[in-house]
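Grab a pencil and work through the exercises below with the model open beside you. Each one sets a task and then walks through a solution.

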Amino acid sequence: MKKYVIKKKNKNRKLNKFNFEEEGYVFKPNIASPNLVSISSLSITNPEITNSILTKKLDKSFRKLASLILRVLKEEDADSGSVVIALNELTKEKNIIQRKYKEYLKKEEKEKYLKRLKVLEGQLKEKLFYLNLRQEQVLKSELEKGHSR
């Protein structure tokens, strides 16, 4: 295992790119401090660290998605468009987990997130079904009123 130590010797704070034989999870860290070296990208090859970083990232995105979905589910006057938007966001998150992070997440973590997303997806589909059913009933009653005149 190769280790690198970075030492600050001059004021320009530039580092050269290191080439590794191993491939890893590459991301841009969100560090905003004038006293630190700016990092354009970081590659992590340790599976434990990668899993930890992705778990935190997925927790944050899952909380945002869950709050969006719960808001849509609680709305009494929600239309099918907002439910479809929430379903699209959920599908996007599911695809990211299944395709982009499949190599880096542990199997248990991946299954945990997919199971949570499946529960939310079921609730959204149920809401969409009832909204469509209610819309059909409204259209049917309007047609019946129109024919009685």
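**Exercise 1. Work out what share of the contacts with a separation of 6 or more comes from residues 24 or more positions apart, then lay out the elements of the chain.**

Step 1. Count a contact whenever heavy atoms come within 4.5 Å. Among contacts in the protein chain with a separation of 6 or more, residues 24 or more positions apart account for 59%.

Step 2. A word on the ground rules: this is a predicted model, where local features need pLDDT of at least 70 and side-chain atom pairs count only at pLDDT 80 or more, while totals for chains, interfaces and linings use all residues. Residues are numbered from 1 along each chain as its sequence is written, and side-chain values use heavy atoms, with hydrogens and water left out.

Step 3. Now the elements, taken as DSSP runs numbered from the N terminus (helices: H or I, at least four residues; strands: E, at least two). You should find three helices and two strands, in the order β-β-α-α-α from the N terminus on.

Step 4. Finally, burial: call a residue buried under 20% relative accessible area, exposed over 50%, and partly exposed in between (1.4 Å probe, protein chains only). Of the 149 residues in the protein chain, 24% are buried.

**Exercise 2. Check the span of helix α2 and find which of its residues are buried.**

Step 1. The expected span is 1.5 Å times one less than the number of residues. Helix α2 (residues 80-100) has 21 residues, so it should span 30 Å; its end C-alpha atoms sit 29 Å apart, which agrees.

Step 2. Pick out the buried residues of α2: Ser82, Val83, Ala86, Leu87, Leu90, Glu93, Lys94 and Ile97. They cover an arc of only 140° around the axis, so they lie on the same side of α2. (That arc is taken from the directions from the helix axis to the C-beta atoms.)

Step 3. Flip to the face turned away from the buried side, and you meet the exposed residues Ile85, Lys92 and Arg99.

**Exercise 3. Find which residues touch the most other members of the largest nonpolar core, and which elements build it.**

Step 1. Define the core as buried Ala, Val, Leu, Ile, Met, Phe, Trp, Tyr and Cys residues joined through side-chain atoms within 4.5 Å. In the largest one, with 24 residues, Ile69, Leu90, Ile97 and Leu124 touch the most other members.

Step 2. The elements giving two or more residues to this core are β1 (25-27), α1 (47-74), α2 and α3 (107-148).

Step 3. Zoom in on Leu90. Setting aside neighbours within four places in sequence, Leu90 is in contact with Leu65, Ile69, Leu117, Leu120, Glu121 and Leu124.

Step 4. As background, nonpolar side chains tend to be buried together in soluble globular proteins.

**Exercise 4. Two charged residues of α2, Glu93 and Lys94, are buried. Find what each one has around it.**

Step 1. Start with Glu93. Beyond its neighbours within four places in sequence, Glu93 is in contact with Leu58, Ser61, Leu65 and Leu117.

Step 2. Look for a salt bridge, meaning a side-chain nitrogen of Lys or Arg within 4 Å of a carboxyl oxygen of Asp or Glu. Glu93 has none, and the nearest side chain of opposite charge, Lys92, is 7.2 Å away. (Lys and Arg count as positive, Asp and Glu as negative; His and the chain ends are not counted.)

Step 3. Move on to Lys94, which counts as buried because its relative accessibility is 18%. Leaving out residues up to four places away in sequence, Lys94 touches Leu114, Leu117 and Glu121.

Step 4. The side chains of Lys94 and Glu121 meet in a salt bridge (2.7 Å, N to O). This pair links distant parts of the chain, with Glu121 in helix α3 and Lys94 in helix α2, 27 residues apart. Both partners are buried.

Step 5. Follow the network of salt bridges and you link Lys94, Glu121 and Lys125.

**Exercise 5. How many salt bridges does a search of the whole structure find, and what does the one between Lys106 and Glu48 link?**

Step 1. The search finds four.

Step 2. Lys106 bridges to Glu48, with the closest N and O atoms 3.3 Å apart. Here too distant parts of the chain are linked: Lys106 is in the loop between α2 and α3, Glu48 is in helix α1, and they are 58 residues apart.

Step 3. Check exposure: Lys106 is partly exposed at 34% relative accessible area, and Glu48 is partly exposed at 49%.

Step 4. For a bridge inside one helix, take Glu109 and Lys112, whose closest N and O atoms are 3.5 Å apart. Both lie in helix α3, three residues apart, about one turn of the helix.
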